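Here are a couple of exercises to work through with the model open beside you. Try each task before you read its solution.

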Amino acid sequence: MSEEANPFESLQEQIDDAAAYVDVPGDVLERFKHPERVLETNLTVEMDDGSLSVFKAFRSQFNGDRGPYKGGIRYHPGVTRDEVKALSGWMVYKCAVVDIPYGGGKGGIVVEPRELSMTELERLTRSFAKELRPVIGEDRDIPAPDVNTGQREMNWIKDTYETLENTTAPGVITGKAIESGGSRGRVEATGRSVMLTAREAFDYLGKEIEGATVAVQGYGNAGSIAARLIESELGADVVAVSDSSGAIHHPDGLDTAAVRAHKDETGTVTGYPEAESELTNEELLTMDVDLLVPAALENAIDGDLAEDVAADVVVEAANGPLTPDADDVLTERGVHVFPDILANAGGVTVSYFEWVQNRQRFYWPESRVNDELERHIVEAFDGLTSAYEDNDLPNFRTAAYVVALQRVYRAYSEGGTWP
Ligand code: NAD
């Protein structure tokens with residue numbers, strides 16, 4: 001994985017690439033390239049042995065022109081201020097592409113969660129929730145899960161917020177367990193939108209997805225569910241998957257559910273007994289497959305590695321898995337990349353449905369969630385391909401940013417500038 005690309009600079013470059021095709025004045029564009037504010041805090045947490053540890057944490061509120069800030073909270077030792085800023089910016093444009101009424105935000109704590117006990121993680125999470133309390137709210141900023149956080153952390157944050165505010169406000173956070181006000185279909189939503197994007201992409205390009213070969217880098221929430229749905233709903237063969245420990249391969253296709261069960265049991269996909277061989281992550285990313293799904297972290301593919309990518313189509317489940325150099329190389333080589341801000345937007349779209357259900361105190365069956373999600377992703381896909389064709393754009397990422405930038409700019413200009 002390249003250490004070179006700064007994700008915040010990558011975001012700014014992506015906005016600039018799209019701005020060349022959108023009539024946004026330069027000074028307004030500058031505003032769209034920087035967060036409105038970033039909270040930086042140091043959380044002091046009592047460890048189980050009675051000692052204190054300090055953890056740096058961030059919440060970036062990038063742009064609120066289209067609605068409350070929205071975006072996940074990541075627990076990872078590699079979290080930086082610039083990474084959180086980039087992720088919050090990508091959320092702005094993601095919410096705009098799928099046309100849900102949110103701006104963008106993101107949070108992160110610099111921590112290796114595997115080194116903490118559950119009680120330490122709970123104290124850390126509640127400490128962050130206490131710091132976030134003045135800046136979040138159902139109509140202000142609505143966090144959600146991201147890497148290494150899930151329903152458990154969301155439930156703790158909701159409980160801390162509601163206790164301190166002396167109210168019930170389930171819509172303050174999304175990605176909760178069903179019993180805490182979560183939505184049916186939320187856990188699967190990101191993987192589902194990756195599957196839907198792959199289906200639409202192959203259809204648009206005139207390629208057959210049934211029987212196509214697929215490699216998936218990263219086998220967490222996004223990657224493992226995308227792999228399972230691509231296998232079960234589209235009939236493709238997932239021939240290779242990986243996680244941070246390495247990759248496994250079977251030319252006839254892996255049983256994605258069995259690989260998930262093996263990972264749940266052992267902590268990794270490696271050692272899966274039915275795999276034919278084990279590979280490095282780099283070998284997986286350069287395999288000759290019909291579809292490559294990067295679903296781990298940013299900068300998985302840099303310009304050098306992109307020269308060796310042999311897939312015909314890339315659907316980004318992770319946020320920012322390609323550096324701008326990689327994008328240029330793949331565009332040049334005619335590899336079709338369907339960008340993160342469309343492909344993984346299922347997570348935030350169903351978060352939006354969760355928030356709507358929380359506000360209405362009326363809960364939907366899973367079939368309604370999945371139908372509404374499909375409608376949003378297919379409409380967004382069609383909007384993106386129309387922009388691509390109408391403006392003769394170089395690639396689908398630029399098309400997505402053109403659509404999104406136009407929407408953010410319209411919302412901004414209709415509101416006017418407050419002196
Ligand atoms: P996760 O923690 O559940 O899974 C991450 C996976 O990536 C793990 O299997 C981990 O082992 C693997 N990984 C880490 N480093 C790796 C490396 N160098 N090579 C190969 N594998 C590696 O996280 P997630 O929620 O699935 O998120 C993954 C990506 O998807 C992130 O970019 C996240 O921002 C994005 N995303 C997630 C959601 C969501 O709803 N979970 C929504 C939108 C975007």
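**Exercise 1.** In this predicted model, work out how helix 6 and helix 13 cross, and which residues meet there.

*Solution.*
1. Start with the axes: helix 6 (residues 186-205) and helix 13 (residues 346-360) come within 7 Å, crossing at roughly 145°.
2. Next, check the hand, and you'll find that this crossing is right-handed.
3. Now list who touches whom, taking heavy atoms within 4.5 Å as contact. Helix 6 brings Arg186, Ala189, Thr190 and Ser193, and these meet Gly346, Gly347, Val350, Ser351 and Glu354 of helix 13.
4. Sort that contact by class: two residues are nonpolar, five are polar and two are charged.

**Exercise 2.** Describe the surroundings of the ligand: which residues come nearest, and which backbone atoms lie by its oxygen atoms?

*Solution.*
1. Count the shell first. It has 24 residues, and Asp146, Thr190, Asn221, Ala222 and Asn319 come nearest.
2. Split the shell by class, which gives eight nonpolar, eleven polar and five charged residues.
3. Then go through the backbone. A polar backbone atom of Ala222 sits 2.8 Å from a ligand oxygen. For Ala296, a backbone N or O atom is 3.2 Å from an oxygen of the ligand, and for Gly220 the distance is 3.3 Å.
4. Look at burial: the ligand alone exposes 830 Å², and the protein buries 85% of that.
5. Finally, assign elements. Helix 6, helix 7 (221-234) and strand 7 (237-243) each give two or more residues to the shell.

Methods. Residues are numbered from 1 along each chain as its sequence is written. This is a predicted model: local features need pLDDT of at least 70, side-chain atom pairs count only at pLDDT 80 or more; totals for chains, interfaces and linings use all residues. Side-chain values use heavy atoms; hydrogens and water are left out. Axes are lines fitted to C-alpha atoms, for helices over the stretch in contact, and angles run from 0 to 180 degrees between N-to-C directions. Helices (H or I, at least four residues) and strands (E, at least two) are DSSP runs, numbered from the N terminus. A crossing is left-handed if the near helix is turned anticlockwise from the far one by less than a right angle, and right-handed if clockwise. Ala, Val, Leu, Ile, Met, Phe, Trp, Tyr, Cys and Pro count as nonpolar, Asp, Glu, Lys and Arg as charged, and the others, Gly among them, as polar. A residue is near a molecule or strand if one of its heavy atoms lies within 4 Å of it. A polar contact is a pair of N or O atoms within 3.5 Å; within protein, one must be able to donate a hydrogen and the other to accept it, and residues adjacent in sequence count only if both atoms are side-chain atoms. Accessible areas come from the Shrake-Rupley method with a 1.4 Å probe; for residues, only the protein chains shown count as cover.
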